[in-house]
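Work through the exercises below with the model open beside you. Try each task before reading its solution.

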Amino acid sequence: MYSYQNLVLLTGFFVLKKLIIMKISIIGTGLIGGSIALKLKDKKFTDFVYGIDQDEVHLTKALELNIIDEKADLENGVKNSDLIIIAIPVDSARKILPSVLDLINENQTVMDVGSTKSGIVESIKNHPKRKRFVAFHPMWGTENSGPNSA
C-alpha cells in the first residue's frame, strides 16, 4: 500500500517524504473535504482521490473541478484507499465513523475534520480499530460551502 521514509520533526511539524503515492477517500466533497483534496494533490501527497458524498450534485461538481478523480460508494471508496478523511458535519461523522472503521484493514488510517471531538471519540471508544483513527481540525473555512468554494 504505502510506506514512508525519513519522518522528521521540524519546528513542531512532521514532514513525511513519500515513497509511494497514497490513494485517498474524502467523505464529504464540500468546502473542507474539497480543500483538503486539492491541497494533498498540490503537495503530491496523493494523485488519486475518491469522492464519497450523499449529495450527487457535490460529487459531480467535485469531479468536474478535478477535486476528486472518481465517485465511489462508502464501501468501495474505503476499501480501496490508504487514507480516509471524513469531512462531514460532526453529528454525521459520529454516526458514520464506526462503519468506516469496520471496513478498514490494519494498514489504513481514518481521519475526521470535525470542529468538536468528544462525540466523535465517544462513538468509537471501544472499537477494536480505534488505533487507526486520527482526530484533527484543519485551518480551512469560509462563509461559503460546496465544492465551488474549495
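**Exercise 1. Classify Glu56 by its accessibility, then find its charged partner.**

Step 1. Glu56 has 44% relative accessibility, so it counts as partly exposed. The scale is this: buried is under 20% relative accessible area, exposed is over 50%, and partly exposed is in between (1.4 Å probe, protein chains only).

Step 2. This is a predicted model: local features need pLDDT of at least 70, side-chain atom pairs count only at pLDDT 80 or more, and totals for chains, interfaces and linings use all residues. Residues are numbered from 1 along each chain as its sequence is written, and side-chain values use heavy atoms, with hydrogens and water left out.

Step 3. Glu56 forms a salt bridge with Lys71, and their closest N and O atoms are 2.5 Å apart. A salt bridge is a side-chain nitrogen of Lys or Arg within 4 Å of a carboxyl oxygen of Asp or Glu.

Step 4. The pair links distant parts of the chain: Glu56 sits in helix α2 (residues 56-64) and Lys71 in strand β5 (residues 70-71), 15 residues apart. Helices (H or I, at least four residues) and strands (E, at least two) are DSSP runs, numbered from the N terminus.

Step 5. Lys71 has 31% relative accessibility, so it is partly exposed too.

**Exercise 2. Which residue pairs with Glu64 in a salt bridge, and how far apart are the two in helix α2?**

Step 1. The partner of Glu64 is Lys61, at 3.5 Å from N to O.

Step 2. The two are 3 residues apart in helix α2, which means about one helical turn separates them.

Step 3. Glu64 is exposed at 53%, whereas Lys61 is partly exposed at 28%.

Step 4. Keep the total in mind: the structure holds 7 salt bridges. Side chains of opposite charge can pair when their charged atoms come close.

**Exercise 3. Is Asp112 buried or exposed? Describe its surroundings.**

Step 1. Asp112 is in strand β7 (residues 109-112). Its relative accessible area is 1%, so it is buried.

Step 2. Asp112 forms a salt bridge with Lys117 (2.9 Å, N to O). Lys117 is partly exposed, at 23%.

Step 3. Now list contacts (heavy atoms within 4.5 Å). Leaving aside neighbours within four places in sequence, Asp112 is in contact with residues including Ile86, Ile120 and Phe133.

**Exercise 4. Where is His137 found, and which residues is it in contact with?**

Step 1. His137 is found in the segment after β8 (133-135). With a relative accessible area of 49%, it is partly exposed.

Step 2. Leave aside neighbours within four places in sequence. His137 is then in contact with Val113, Gly114 and Ser115.

Step 3. Look closer at Val113. Its backbone oxygen lies 3.4 Å from a polar atom of the His137 side chain.

**Exercise 5. Which residues touch the most other members of the largest nonpolar core?**

Step 1. A nonpolar core is a set of buried Ala, Val, Leu, Ile, Met, Phe, Trp, Tyr and Cys residues joined through side-chain atoms within 4.5 Å.

Step 2. The largest core has 19 residues, and Ile86, Leu97, Val100 and Val110 touch the most other members. The elements giving two or more residues are β4 (46-52), β6 (83-86) and α4 (90-103). The most come from α4, with 5 residues.

Step 3. A second, separate core of 17 residues includes Met22, Ile24, Leu83 and Val113.

Step 4. In soluble globular proteins, nonpolar side chains tend to be buried together.

Key:
A polar contact is a pair of N or O atoms within 3.5 Å; within protein, one must be able to donate a hydrogen and the other to accept it, and residues adjacent in sequence count only if both atoms are side-chain atoms.
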